[in-house]
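Please study the sequence and the structure shown below. Then work through the exercises in order and compare each result with its solution.

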Amino acid sequence: MEPLILDAQDCRLLQQLQQDSTLTNQQLAERVGMSASPCWRRIRALEEQGVIQGYGARLDRRRLGWGVLAFIRIKIDSHSDDEARAFEDAIRTLDPVIACYSIAGDADFLLQVVAESLDTYTDFAMTVVRRLPRIKEMQTTFVLKEIKPLQGVPLP
C-alpha cells in the first residue's frame, strides 16, 4: 500500500486529533488556523482515504484493574495459511489480548496482554493461550515500567 502524501495542514489536523479526539470541528479548526468548512472537508477526506480509522479514548489500564502488562512471543508448529488463520481467528476472540502482530524472526506472533494480577495472567496463559491451535512455544516478557506507551504515530 502506497502511503499518502500529506500536507502540513493535514499533519496539524491529525496531530490535534491524536492528542484529543473529542474536539469539535470548530475547536479543531481554530487550533490549526482554519475555518470550519475546509477543516470538516479535510477530516472527511482523511477518513475516506483510510488515514483516520476511528476515534477513541486512551484508557488507564491500571485504573481499570489491569495491573499486569505482558508480551507473549509465540511459535506455531505449522505455517500453512489455514493454520495461521485459525490461530489469528482464535486470538481475535480473547479480550485480554489487546494487540497481536505477525512477526519475523525466531517467533511467529507477538501478543500484548493485560491481566489483573500475576495469578490471573498465569491462569490465562496456561489454560487459554497454551491451548490455542498449533502452539509450539511461548515465552512471556513482563513489563516492569511503561516508559513511552503508544500515544499515536509520528507525523511529518
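Three exercises with worked solutions follow.

This is a predicted model, in which local features need pLDDT of at least 70, side-chain atom pairs count only at pLDDT 80 or more, and totals for chains, interfaces and linings use all residues. Residues are numbered from 1 along each chain as its sequence is written, and side-chain values use heavy atoms, with hydrogens and water left out.

**Exercise 1. The sheet**

Determine the order of the strands in the open sheet and state how they pair.

Solution. Step 1: strands are DSSP runs (E, at least two residues), as helices are (H or I, at least four), numbered from the N terminus. Two strands pair if DSSP finds at least two bridges between them.

Step 2: β2 (residues 97-102) and β3 are antiparallel and joined by five bridges; Ala-99 has Gln-112 of β3 as its bridge partner. These two strands form a hairpin with six residues between them, and Gly-105 in the turn has a positive phi of about 120 degrees.

Step 3: seven bridges link β1 and β4, again in the antiparallel sense. Ile-76 is partnered there with Ile-135 of β4.

Step 4: the four strands therefore follow the order β2-β3-β1-β4, with antiparallel pairing. β2 and β4 are the edge strands, each pairing on one side only.

**Exercise 2. Two helices**

At what angle do α1 and α3 pack, and which residues make the contact?

Solution. Step 1: axes are lines fitted to C-alpha atoms, for helices over the stretch in contact, and angles run from 0 to 180 degrees between N-to-C directions.

Step 2: α1 (residues 8-19) and α3 (residues 36-48) pack at about 80 degrees, their axes 11 Å apart. This makes α1 roughly perpendicular to α3, a term for angles of 65 to 115 degrees.

Step 3: contact means heavy atoms within 4.5 Å. α1 contributes Gln-9, Asp-10, Leu-13, Leu-14 and Leu-17, while α3 contributes Cys-39, Arg-42, Ile-43 and Leu-46.

**Exercise 3. The cores**

How many residues has the largest nonpolar core, and which element gives the most to it?

Solution. Step 1: a nonpolar core is a set of buried Ala, Val, Leu, Ile, Met, Phe, Trp, Tyr and Cys residues joined through side-chain atoms within 4.5 Å; buried means under 20% relative accessible area (1.4 Å probe, protein chains only).

Step 2: the largest core has 21 residues, and those with the most contacts inside it include Ile-72, Phe-87 and Leu-132. Elements giving two or more residues include β1 (68-76) and α4 (81-92); β1 gives the most, with five.

Step 3: a second, separate core has 12 residues, among them Leu-14 and Cys-39.

Methods
Buried means under 20% relative accessible area, exposed over 50%, partly exposed in between (1.4 Å probe, protein chains only). Angles under 35 degrees count as roughly parallel, over 145 as roughly antiparallel, 65 to 115 as roughly perpendicular and the rest as oblique.
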